[in-house]
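Here's a walk through a multi-chain model, taken one neighbourhood at a time. Keep the viewer open and follow along.

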Amino acid sequence: MELSDRELPDLDLQQPLSLPRRLFEYGTTAIALGLTVVALLPLFAIFWQIVSQGLQHLSLEVLVALPAPVGMEDQPNGFANAILGTMMMVGVGASVSVPFGVMTGIFLSEFAGGTAIANGIRFAVKILSSVPSIVVGVFAYATIVLATKQFSALAGGFALGVIMLPIVTLTTEEALKLVPDTYRLASAGLGEGRFSTTFRAVIPNALPAIVTGVLLAVSRAAGETAPLIFTALSSQNWPQGLLSPTPSLSVLIFNYADSPYREQNALAWTAAFVLLAIVLLVNTISRQVTRKHLK
Amino acid sequence: MASEERTPYDRALEPEIRDVSIELSEPPPSTAIEVQNLHFHYGRRKVLEDISIDIYQHHITAVIGSSGCGKSTFLKALNRIGEIEGNVNVAGSVRFFGQDIYDRRVNVNRLRRHIGMVFQRPNPFPISIYDNVAYGVRRLGRSRVHLDEIVESALRRAVLWDEVKEDLKKSALGLSGGQQQRLCIARALAIEPEVLLMDEPCSALDPISTMKIEELLRQLRSRYTIVIVTHNMQQASRVSDYTAFFNTDESRIGRLVEFGPTVQIFTCAANSSTRDYVEGRFG
Amino acid sequence: MIPSRSPASETLSHPLDLTQPDSKTRWLETAFVLLAWGCALLSAGTLFWIARVVYQDARPAIAEFGLEFLWGREWSSTREVFGALPFVYGTLVTSAIALLLAVPFGLAVAIVTSETILPQWVRSPVAFLIELIAAIPSVIIGLWGIFVLVPFLMPLQRWLHETLGWIPLFGSEPFGPGLLAAGVLLAIMILPTIAAISRDVLLAIPPELRSASRSLGATRWETIVRTLLPAGSAGIIGAIVLALGRALGETMAVTMVIGNAVRISPSLLDSGYTIPAILANQFAEALKPIHIGALMYLALILFGLTLVVNVIAVVLVQWVSRRAIVR
């Protein structure tokens, strides 16, 4: 007995941790879980509010009618012009940013690889993606509004394009880098040049991922407000072409949220519902595209 | 039919006209690629040192050696495809029918159409079988009918036609590994190269597919100059006319140890490390 | 007929001239290369273009007010007196509140979604939902802020004033919108940035580090606090700095709940103004060149501020990911 006592260490595997260590363990777990739950609450609150408030007034009418003048209860009231305006300006933004962004992505992935120039350009594009959208608005105001002496869809679309450009560029680069080198080698081995190799062997394989990036940029641009407020301004009428003030969903929400009129507040919620639906729909479609590609 | 009017595709359909065996007593064949004192660097790292070798026209040259001895790099130096993968520095000369391929004015795309390549793993494009074979031809702007002929002829020469003639519009990715590799050979043949470089073309294949490819190589020898890198010595001894043995030491710089007719390399090599290697004593 | 062994050049089926360019594709190749270079330089150049344009248009105001603009406390377009201090103050205070709140929450989410406290089927949806917040347009968050968050915070603000009113921080009568409300809203908006990047950082830490710590007898949380957080500190700091950059430049949500009053009040319950907010509110109506110039000057300050912050963040995050690859 005495011998074994001395030889065996104090082996009680069932002895619990000391009390302070146990308290620390339970306490931190509880705090972390608590903070996570609280962090999720705003999301649910926002969704709940937008769905409950937004659905109240959602009807075909708001999607096809123009905004009614304040106080005219019996007139159809809606924001069809804002939906159209948002689409127009996102379209302008995409037509500016997609070609430039895709070509820049091609340059970063196919041409310059790990060279210093590529790293510098990539760095500048990353910094561009984090420039506040209001500053991009100021930029579009200075370059287009001041030059044309006109608030316009063109200026708004240009601002959205600058915001989309780095997103398209960086996702295109990522997409192209995922294409195995064997395709590039196979094509080059057949005597194909860079143009042919890039467009026939590389891009077809990266297309779904590039589309995802473009859709991501579109969903981001559709929700932007700050760069539109003083470039495209807003209007109560249908968009009059690229060179006149143009309404958008996001600016309409901003204007109506502050309005003293209740029906305009209600319309802001409905517009928020529509905008969020569009943004999340485009987001989900882009995820679907990627998933299909992975299969 | 006068011989001037025959296209390469007509010739493809003609029966074998060359005797398959080579006589060592014959005068030496003409040289397709002449490599002289080639030093090859990836960036700052030296990969090959002082390689001099003649690749003979219409013969199969096997390049053997342990892994990491630079035999793949050597192959990639012959059509300058290594330049796609990294920054390449070259000293010495590689002459393709007398023209220095590292000359500043060389159009590498043209060079690579003369010197085709088949890679270690089958790498068909994820498009149809037909489009894969037509990939390198399309750019030349031929008519549709002519394209059909070229595709058929290339697939026949790669001994794949009978297996896929019903499925030309199906995706190439549906083929077996061996079929994919023969498709890659057909794709390379379709643009009528003079030389075919093969980088361990059978290493990812099963024995039966390997056998088919070896058979195919023997048929192609009459019309093409073939350089094949292989780690399989039986394969080298079975298919090749000439063998080059590469080796390296701790420096990881590849050197050519011995080059000669395959029979000689495998039976009475001059260098002891070559003998050790072909007898399987190291590597 | 058996072909004779003729000299090499005659046995070729094509005429051989390797230097001959491909006439059909040569211009295409050249155009493609030039186009790619041009697009890349233009994309990167946009950043410098923005800087140049904003600086150019701010020059009248820079000439007029000089550096004193930075500590000028007044802003009046009718008297043409412009000072940036109230806006700089509001921007910094709201961002500070946001960071103070978002860092603990963000880290908690990052730990909960990267460690094995919860089963996988709970962790992934939580991570997904938190990142979903980032997809909501900020004007919608602002709308929710006006109608839900501000009324919700009102009792809390009143209580803070009544019990802690002797501290200058809570010294003013709560009014609803204000610095605190804006800070809380910003915290919600930057939380996904902190959570998502910190999560990636924690997941990228080699699992051996975890098992080594656990096998030495450390508990789960001792491992997290003493091993994982220090190991990931550079990346987590990068995430926080990135979130700061986002908070500084965030416009719509803040504009909608900060009260938009040009004042410098020590009280968080008071209303205030930020640089993005005044840009959003006044640019469309600004007509006098000096007014536009002053707004451009503000935009330049904001651009410079966020540029410094974002460069630090991007460098930190890049440094961390490069180290991870080397490892």
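What follows goes from one chain's overall make-up to its sheet, then to salt bridges, and finally to places where chains meet.

First, a word on what you're looking at: this is a predicted model. Let's begin with chain B, whose secondary structure comes to 12 helices and 10 strands. Of its 283 residues, 54% are buried. If you take the contacts in chain B with a separation of 6 or more, 70% of them are between residues 24 or more positions apart.

Now find the sheet in chain B. In what order do the four strands of the open sheet run? The order is 2-1-4-5, and the pairing is antiparallel. Strand 2 and strand 5 (99–100) stand at the edges with a single partner strand each, so one side of each has no neighbour in the sheet. Further in, strand 1 (residues 31–42) and strand 4 (residues 88–96) of chain B run antiparallel and are joined by eight bridges. To pick out one such pairing, look at Val35(B): its bridge partner in strand 4 is Val94(B). There's a helix packed on this sheet too, namely helix 2 (residues 71–78) of chain B, which touches strand 1, strand 2 and strand 4. The direction of helix 2 makes about 120 degrees with that of strand 1 of chain B.

Next, the charged pairs. How many salt bridges does the structure hold over all chains? The count is 24. Staying in chain B, try the one between Arg255(B) and Glu49(B), with N and O 2.9 Å apart. Arg255(B) lies in strand 10 (residues 255–261) and Glu49(B) in strand 2 (residues 45–56), so this pair ties together parts of chain B that are 206 residues apart in sequence. Both ends are partly exposed: Arg255(B) has 29% relative accessibility, and Glu49(B) has 22%. The pair isn't on its own, either, since a network of salt bridges links Lys46(B), Glu49(B), Asp249(B) and Arg255(B).

A second chain B pair brings Arg238(B) and Glu214(B) together in a salt bridge at 2.6 Å, N to O. Here the link is between helix 10 (residues 233–239), which holds Arg238(B), and helix 9 (residues 207–220), which holds Glu214(B), with the two residues 24 apart. Buried or partly exposed: which word fits each partner? Arg238(B) is partly exposed, with a relative accessible area of 44%, whereas Glu214(B) counts as buried at 2%.

While you're in this chain, have a look at Glu200(B), which sits in the loop between strand 7 (195–199) and helix 9 of chain B. Despite its place in a loop, Glu200(B) is buried, with a relative accessible area of 11%. Beyond residues up to four places away in sequence, Glu200(B) touches Lys71(B), Gln120(B), Val229(B), Thr230(B) and His231(B).

Over in chain A, there's a salt bridge between Glu110(A) and Arg184(A), whose closest N and O atoms are 2.7 Å apart. Glu110(A) belongs to helix 4 (residues 80–111) and Arg184(A) to helix 8 (residues 181–189), so the pair ties together parts of chain A that are 74 residues apart in sequence. Why do both partners count as buried? The cut-off is under 20% relative accessible area; Glu110(A) comes in at 17% and Arg184(A) at 10%.

Last stop: where chain A meets chain C. Helix 9 (residues 194–223) of chain A packs against helix 1 (residues 23–65) of chain C, with the axes 8 Å apart and an angle of about 75 degrees. That makes the two helices roughly perpendicular. On the chain A side, the contact is made by Arg194(A), Phe195(A), Ser196(A), Thr198(A) and Phe199(A). Helix 1 of chain C brings Leu28(C), Glu29(C), Phe32(C) and Val33(C). Sorted by type, the residues of this contact divide into five nonpolar, two polar and two charged.

Another spot with both chains is Asn310(C), in helix 11 (residues 289–326) of chain C. Asn310(C) is buried, with a relative accessible area of 2%. Leaving aside neighbours within four places in sequence, Asn310(C) is in contact with Ile127(A) and Ser130(A) from chain A, plus Leu242(C) and Gly245(C) from chain C.

How values were computed
Residues numbered from 1 in each chain as written. Chains lettered and ligands numbered in written order. Predicted model: local features only at pLDDT ≥ 70, side-chain atom pairs only at ≥ 80, totals over all residues. Heavy atoms only, no water. Salt bridge = Lys/Arg side-chain N within 4 Å of Asp/Glu carboxyl O. Buried < 20%, exposed > 50% of the residue type's maximum accessible area, 1.4 Å probe, protein only. Contact = heavy atoms within 4.5 Å. Pairing = 2+ DSSP bridges. Axes fitted to C-alpha atoms, helices over the stretch in contact; angles between N-to-C directions. Parallel < 35°, antiparallel > 145°, perpendicular 65-115°, else oblique. Nonpolar A, V, L, I, M, F, W, Y, C, P; charged D, E, K, R; others polar.
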